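The following exercises concern a predicted model. Please examine the sequence and the structure before working through each solution.

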Amino acid sequence: MLIAGFPAGAWGTNCYLVAPAAGEECVIIDPGHEAAEGVEAALAKHRLKPVAVILTHGHLDHVASVVPVCGARDVPAWIHPEDRYMLADPAKGLGMAIGQQLLGELTVGEPDDLRELTDGSVLELAGLELTVDHAPGHTKGSVTFRMPGQDDVPPVLFSGDLLFAGSIGRTDLPGGDHAEILRSLARVCLPLDDSTVVLSGHGPQTTIGRERAANPFLRAVADGPAGADPAPPRRGM
């Protein structure tokens with residue numbers, strides 16, 4: 001298994017390229033602000049051929065390079081229908097005016113081939129199997145992607161902005177809901193094996209076991225109604 005990731009753009013959003021091995025087909029997860037150059041470099045370095053772009057949610061810092069990346073390689077993109085509107089109008093997902101200077105650097109809009117994700121569906125792309133879990137709270141259309149473990153390779157969760165090392169996604173932007181993100185944490189993350197590697201939208205990788213033990217938000221939902229609910233975070237976009 002090959003997973004090549006790098007932080008991109010002004011918000012340091014993690015973009016991932018995932019393939020069975022070097023020299024094979026791959027999927028690209030969350031090509032955000034100024035990610036196109038890094039995507040091309042990773043494709044060349046590992047001799048990869050992209051077959052799809054898949055998006056954990058619609059915020060600008062995760063989707064800003066979707067149009068150029070898909071256009072350069074003529075591949076489709078996948079997004080949950082409740083976040084689709086942000087591709088054409090990113091300001092609606094932020095609740096603030098986006099400066100003309102920033103917008104001038106971006107090619108906003110939908111790629112030519114855009115498909116919609118559904119909860120529980122399994123994407124079979126590039127020889128990979130990725131299970132989609134709808135995980136609202138950060139946005140209405142947030143999703144995660146799960147990959148099963150195999151041989152000595154642990155399972156992997158691409159958590160987007162649902163779960164970070166030590167924290168969770170912010171919920172103060174349009175479509176955010178703190179109670180809902182806690183429900184998504186309980187439903188999506190708590191059932192996973194402790195060995196599951198978590199590759200999030202921002203920050204370093206972690207594991208479900210580490211977060212179950214130390215993340216105050218995951219601990220709170222694991223404890224149920226008796227758990228103390230930490231204050232909502234303000235991390236990332």
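**Exercise 1.** Determine how strands β5 and β6 are joined, and place them in their sheet.

*Solution.* Step 1: Strand β5, residues 77–79, is connected to β6 by 3 bridges, and the two strands run parallel. Step 2: For Trp 78, the bridge partner in β6 is Arg 115. Step 3: Helix α3 (residues 66–73) packs on the sheet and touches β3 (25–29), β4 (49–54) and β5. The direction of helix α3 makes about 150° with that of β4. Step 4: The open sheet has 6 strands in the order β1-β2-β3-β4-β5-β6, and its pairing is mixed. Step 5: β1 (2–8) and β6 (114–116) each have a single partner strand, so one side of each is left without a neighbour in the sheet.

**Exercise 2.** State which residues line the second largest cavity, and classify them.

*Solution.* Step 1: The structure holds 2 cavities of 30 Å³ or more, and the second largest has a volume of about 40 Å³. Step 2: Among the residues lining the second largest cavity are His 57, His 138, Val 143 and Asp 161. Step 3: The lining divides into 3 nonpolar, 7 polar and 1 charged residues. Step 4: β9 (143–147) and β10 (156–160) each supply at least two residues of this lining.

**Exercise 3.** Is Ala 165 buried, partly exposed or exposed?

*Solution.* Step 1: Ala 165 is located in the loop between β11 (163–164) and β12 (167–168). Step 2: The relative accessible area of Ala 165 is 24%. Step 3: Buried means under 20% and exposed over 50%, so Ala 165 is partly exposed.

Definitions and conventions: Residues numbered from 1 in each chain as written. Predicted model: local features only at pLDDT ≥ 70, side-chain atom pairs only at ≥ 80, totals over all residues. Heavy atoms only, no water. Helix = DSSP H or I, 4+ residues; strand = E, 2+ residues; numbered from the N terminus. Buried < 20%, exposed > 50% of the residue type's maximum accessible area, 1.4 Å probe, protein only. 1 Å grid on protein atoms, 1.4 Å probe; cavity = no way out; pocket = protein on both sides within 12 Å on 5 of 7 lines; lining within 4 Å. Points joined across faces, edges and corners; volume = space filled by probe spheres on them. Nonpolar A, V, L, I, M, F, W, Y, C, P; charged D, E, K, R; others polar. Pairing = 2+ DSSP bridges. Contact = heavy atoms within 4.5 Å. Axes fitted to C-alpha atoms, helices over the stretch in contact; angles between N-to-C directions.
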